[in-house]
Amino acid sequence: MKKLEGKAWKFGADIDTDAIIPARYLNTSDPAELAKHCMEDADPAFPAKVQPGDIIVADKNFGCGSSREHAPIAIKAAGVSCVVAATFARIFYRNAFNIGLLIFESPEAAAGIAEGDRVAVDVESGVITNLTRGEEYRATAVPPFMQQIIAAGGLINYVAERVKK
Amino acid sequence: MPMTITEKILADHAGKDMVKPGELINVRVDLALGNDITAPVAIREFERIGVATVWDRDRVALVPDHFVPNKDIKSAEQAKMLKEFARKHQLTNYFEVGRMGIEHCLLPEQGLVGPGDLVIGADSHTCTYGGLGAFSTGVGSTDLAAAMALGETWLKVPESIKFIYKGELKPWVSGKDLILHTIGDIGVDGALYQAMEFTGPVIEALDMDGRLTMCNMAVEAGAKNGIIAPDEITRRYVEGRAKREYVFYNSDSDAAYAAVYEYDVSQIEPQIAFPHLPSNTRPVSQSTGVSLDQVVIGSCTNGRMEDLRVAAGLLKGRKISDQVRLIVIPGTQEIYLQAMREGLIEIFINAGGAFSTPTCGPCLGGHMGILAPGEKCLATTNRNFVGRMGHPESEVYLASPAVAAASAVLGRIAHPEEVA
Ligand code: SF4
């Protein structure tokens, strides 16, 4: 099925949503505006250098802090194809599924991938391939219910289907 | 099968006799909450669902509090979306400037959340209401949109961790210090996806404001919710306020916990969380070398009546240091009025501080106290991430209202006993 491929941008542990999209930009929820400041307080140069398809790779507890959905929205709108992290903070995890940002939990991938590596992700199987180093990692399985949300194209489409019935 | 308080509330709202950690369940929601940052996104998503109106106009609460009174034109546009949505759907619980408060101070005070409730809010500190014995958790805007349409949401039943607090509190040690100490101990993901259940004789003696403060910061340890078993103190707080019936749940004595932590509080000093993580805690006695530019007393963590009383008690008859700005922000209009009746506002102003209308304001770096590069602020808020209160090169130190007041007087981080 769907394969993603891109260059890895590495971040550390406990990247909070204030670092992903600072509150000073939250007077709008326009995805294109938010994308301009994506990851700004973790790496000010990130919005300028990220290319469509690139992959964010981070250590544990990615997306901790506030519930702002603006965080996954900014990442998605910046063209990032998916986020791979050792673990995700829970609200970010929910939000990502709900808005259709692909995320993969894999401590091995987080440890094995270095900045600049070419990485491919098989969305269906959760197999993450490090093309630069010739390594393969597995992502934690996604619960079937959440797969349904992804298949529907996000929570709102899923709920809209339910309401119609 | 024995269950924890969290599991019992979830089971009842799922219409089940029992639930187990890890299970995905669909639950009935008693109240759904949004604010001026998260609700605009939720409203747009809600409109895509294709329902005519919200599931229950009494159970959707919209509280503009982050950037209000509107700080700029864009913020005004966002707040306007809430107002128009509230009018269109005739929401009973929309709170305009002048009647509003910081959401997590306001809803318990107004009796809109109560013991045994299941509440979701598009704000991470929705976990505050665990202080009342409710299950409450933060979600995103899209989750809020779905709940506004259906009156339901899906949740994964969390494992519970039990925290037991024993011993005698030292002078000036508050609920804020207990929760900072705990987060310092277990880390910012120490309770990831789990429920933090606060128990023991110290919690049983803690007033409601202190309980709300502790549950408020459960999310800072990555938790899904924080919770405290309701008791007489809870009953006294909710009687005469609760707008709906409430239920007292309790954990079974043989319920299963993923971990149990026990603390002897007689060993705990007032705590300071250093930049840039809430888990970066040190006892105040090891922190007194940090000079400050600003002190903020407020937020959904420590903007309640008891917090203002403690701070004013220390500031009475004193002047704050020439080096600092002191900004005091009551959590709600009700608290504002009560502070006025008790003469606290006069104390803050005479001490050289500013007293504001309720708002989240500087807590999230919105307005009303933004920091310049290199500036240091000690705040009674809950997060000290990079750039949280302004410029990415500014610093935020987290502490209790007592430490904040003492630090304002001395212009550096200070133990309350240094000025008391
Ligand atoms: S006071 Fe701070 S933490 Fe609380 S709801 Fe407002 S911005 Fe969030």
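A residue counts as buried when its relative accessible area is under 20%, as exposed when that area is over 50%, and as partly exposed in between. Keep these cut-offs at hand for the exercises below. The structure you are exploring is a predicted model.

**Exercise 1. Two residues with an unusual phi**

Look at S299(B) and Y193(B), and work out for each whether the residue is buried, partly exposed or exposed.

*Solution.*
- Step 1: Start with the background. Most residues other than glycine have a negative phi.
- Step 2: Find S299(B) in helix α10 of chain B. Its phi is positive, near 85°, and the residue is not a glycine.
- Step 3: The relative accessible area of S299(B) is 4%. That value is under 20%, so S299(B) is buried.
- Step 4: Now go to the loop between α6 (175-186) and β9 (195-199) of chain B, where you will find Y193(B). Y193(B) is not a glycine either, and its phi is positive, about 65°.
- Step 5: Y193(B) has a relative accessible area of 25%. This lies between the two cut-offs, so Y193(B) is partly exposed.

**Exercise 2. The surroundings of the ligand**

Describe the shell of residues around the ligand: which come nearest, and which helices contribute?

*Solution.*
- Step 1: Locate the space first. The ligand takes up the largest cavity.
- Step 2: There are 13 residues around the ligand, and the nearest are H125(B), C300(B), C360(B), C363(B) and N382(B).
- Step 3: Sort the shell by class. Five residues are nonpolar, five are polar and three are charged.
- Step 4: Look for helices. In chain B, α4 (103-109) and α10 (299-302) each provide at least two residues of the shell. You have met helix α10 already, as the home of S299(B).

**Exercise 3. Reading a sheet in chain B**

In what order do the five strands of the open sheet lie, and which strands are at the edges?

*Solution.*
- Step 1: Follow the sheet across chain B. The order is β4-β3-β2-β5-β6, with parallel pairing.
- Step 2: Pick out the edges. β4 (93-94) and β6 (135-138) of chain B each pair on one side only, and these are the edge strands.
- Step 3: Zoom in on one pairing. Strand β3 (residues 60-63) of chain B is joined to β4(B) by two bridges. Here A61(B) lies opposite N93(B).

**Exercise 4. Two strands, two patterns of burial**

Compare the side chains along β1 of chain B with those along β3 of chain A: which of them are buried?

*Solution.*
- Step 1: In strand β1 (residues 24-28) of chain B, I25(B) and V27(B) point to one face and are buried. L24(B), N26(B) and R28(B) point to the other face and are not buried.
- Step 2: Find the partner of β1(B). Five bridges link β1(B) with strand β7 (residues 152-156) of chain B, and the two run antiparallel. V27(B) faces T153(B) across this pairing.
- Step 3: Turn to strand β3 (residues 82-85) of chain A, which is covered on both faces. C82(A) and V84(A) are buried on one side, and V83(A) and A85(A) are buried on the other.
- Step 4: Find the partner of β3(A). Four bridges join β3(A) to strand β2 (residues 55-58) of chain A, and these strands run parallel. V57(A) stands opposite V84(A).

**Exercise 5. Cis peptide bonds**

Where in chain B do the cis peptide bonds at P69(B) and H276(B) lie?

*Solution.*
- Step 1: Recall the usual case. Most peptide bonds are trans.
- Step 2: The bond from V68(B) to P69(B) is cis, with omega near -15°. P69(B) belongs to the loop between β3 and α3 (73-88) of chain B.
- Step 3: The bond joining P275(B) and H276(B) is cis too, with an omega of about 0°. H276(B) sits in the loop between β12 (271-273) and β13 (281-283) of chain B.

**Exercise 6. An aspartate in a loop**

Decide whether D14(A) is buried or exposed, and find a side chain that it contacts.

*Solution.*
- Step 1: Go to the loop between β1 (3-11) and α1 (17-20) of chain A, which holds D14(A).
- Step 2: The relative accessibility of D14(A) is 12%. Because this is under 20%, D14(A) counts as buried.
- Step 3: Look around its side chain. A polar contact of 3.1 Å links the side chains of D14(A) and N61(A).

Technical notes:
Residues numbered from 1 in each chain as written. Chains lettered and ligands numbered in written order. Predicted model: local features only at pLDDT ≥ 70, side-chain atom pairs only at ≥ 80, totals over all residues. Heavy atoms only, no water. Near = heavy atom within 4 Å. 1 Å grid on protein atoms, 1.4 Å probe; cavity = no way out; pocket = protein on both sides within 12 Å on 5 of 7 lines; lining within 4 Å. Sits in = over half its atoms within 2 Å of the grid points. Nonpolar A, V, L, I, M, F, W, Y, C, P; charged D, E, K, R; others polar. Pairing = 2+ DSSP bridges. Buried < 20%, exposed > 50% of the residue type's maximum accessible area, 1.4 Å probe, protein only. Polar contact = N/O pair within 3.5 Å; in protein donor to acceptor, adjacent residues only side chain to side chain.
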